[in-house]
Amino acid sequence: MKNNLDRFREKLIQEGLDGAVVYKPENRRYLSGFTGSSGYVVVTRDKNLFITDFRYVEQASKQCEGFEVLKHTEDRTVYDILNELNVDKLGFEEEFVTFMQYEKFNNKLQDMELVPLKGIINKLRMIKSDDEIKKIEKAANIADEAFKHILDIIKPGITEWEVSLELEGFMKKSGATGTSFESIVASGKRSSLPHGVASQKVIEKGDFVTLDFGCVYDGYCSDMTRTIVIGKASDKQKEIYEIVLEAQESALKYIKSGIKGFEADKIAREIINDEGYGEYFGHGLGHGVGLEVHEAPRLSPIGKDTLETNMVVTDEPGIYIHDFGGVRIEDLVVVTKDGCKVLSKSPKNLIEL
Ligand code: ZN
Ligand code: ZN
């Protein structure tokens, strides 16, 4: 199978480019395997260069298979090295490169046209290799274990912040190198905040608690959400929970290779709309997950990408009612030819703690 770098070069040539400079950390890692924090991947029609400074030369030489590693210095800058290459049209990451960096490239590069890569790498990254899927699955397993663990910890009187610390500590002790994002622990009325990161609020009896979290394993992220109730759920809590669950599971049954992002979104959205809660579901159904926790494709009313086998996406509808609370349920899944494989194994029945 072609590696990421070969597939990238093929695309570059198809787009009529002679080369590209790539340094967004996730893209850089995707193409070169480099995990450090500074360096430029330069791909031309016949060369793979990794340009970095003194601190990372040794690491890059070990990690970047198939690359010639060059050290940039004040005497021989990245621009000097680029100018030595026979490149007319140089692709760059227009979503990542700052205006200031662009101006610098533009001023220092001679007879070279800078051309936006227009998401070429994002598109390659959408479809995961078996190896990438294994890492994501491992990250999902760690998150599932953390959820099981946290159910023993959460009780009235503990703060959201303490819960998030416990979750994150557990995941790191279980092999994660970090969290995918700042954990969301939103309880009581705060659960109506779709992105309510853990606060000092004390969790109380009767609260909904939305836990949205994930971890990074060998560079790859996981992402899951469960909502539980502290004590007995009220009728209204049960009603909302069941609607979100039905929407989530219906979308899960529908997701497969060949459908478009907006079609999956529509399945869940119609169920929530029909129950009269449409205005309380204000975000898209899901997103791609990989080296970044939010990446292409998008599953939302405007998600035009077609789902393909080996894409990894989330299915996460929610209902958020101001001054009452909210529910979101999120699974991480791998798209397959006839359906999807669910990586999140935590139970989805309403848990009353
Ligand atoms: Zn999430
Ligand atoms: Zn998500």
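How many residue pairs are in polar contact across the interface of domain 1 and domain 2? In this predicted model, the rule finds seven such pairs across that interface, with both residues of each pair at pLDDT 80 or more. On the domain 1 side, helix 2 (25-32) and helix 6 (120-126) each supply at least two of the residues that touch domain 2. When the residues of this side are sorted by class, five are charged and two are nonpolar, while no polar residue is found there.

The two parts that meet in this way are domain 1, which spans 4-125, and domain 2, which spans 127-342. Their contact takes seven residues from domain 1 and eight residues from domain 2, and the centres of the two domains, taken over C-alpha atoms, are separated by 35 Å. The area buried between domain 1 and domain 2 is about 720 Å², and carbon and sulfur atoms give 40% of that area. On the domain 1 side, the residues that lose the most area to domain 2 are E26, R29 and R125, which together account for 64% of what that side buries.

Charged pairs also cross this boundary. Side chains of opposite charge can pair when their charged atoms come close. A search of the whole structure finds 25 salt bridges, and across the interface of domain 1 and domain 2 the rule finds four. The side chain of K24 meets that of E292 in a salt bridge with an N to O distance of 3.2 Å. Another salt bridge joins the side chains of R125 and E295, with an N to O distance of 2.7 Å. This second pair links distant parts of the chain, since R125 belongs to helix 6 and E295 to strand 14 (residues 295-299), and the two residues lie 170 residues apart.

Strand 14 also contains P297, and the peptide bond that leads from A296 to P297 is cis, with omega near 0°. A further backbone feature is found at D111, a residue other than glycine whose phi has a positive value, near 50°. D111 is placed in the loop between helix 5 (99-108) and strand 6 (113-116). For both features the general background is that most residues other than glycine have a negative phi, and that most peptide bonds are trans.

Among the strands of the model, three form an open sheet in the order 7-10-11, with antiparallel pairing. The edges of this sheet are strand 7 (178-179) and strand 11 (220-221), each of which pairs on one side only. Strand 10 (residues 215-217) and strand 11 run antiparallel and are joined by two bridges, and Y217 has Y220 of strand 11 as its bridge partner. In general, strands of a sheet pair through backbone hydrogen bonds, in either a parallel or an antiparallel manner.

Terms used
Residues numbered from 1 in each chain as written. Chains lettered and ligands numbered in written order. Predicted model: local features only at pLDDT ≥ 70, side-chain atom pairs only at ≥ 80, totals over all residues. Heavy atoms only, no water. Domains from an automatic or database assignment. Contact = heavy atoms within 4.5 Å. Buried area = accessible area lost by both parts, 1.4 Å probe. Polar contact = N/O pair within 3.5 Å; in protein donor to acceptor, adjacent residues only side chain to side chain. Helix = DSSP H or I, 4+ residues; strand = E, 2+ residues; numbered from the N terminus. Nonpolar A, V, L, I, M, F, W, Y, C, P; charged D, E, K, R; others polar. Pairing = 2+ DSSP bridges.
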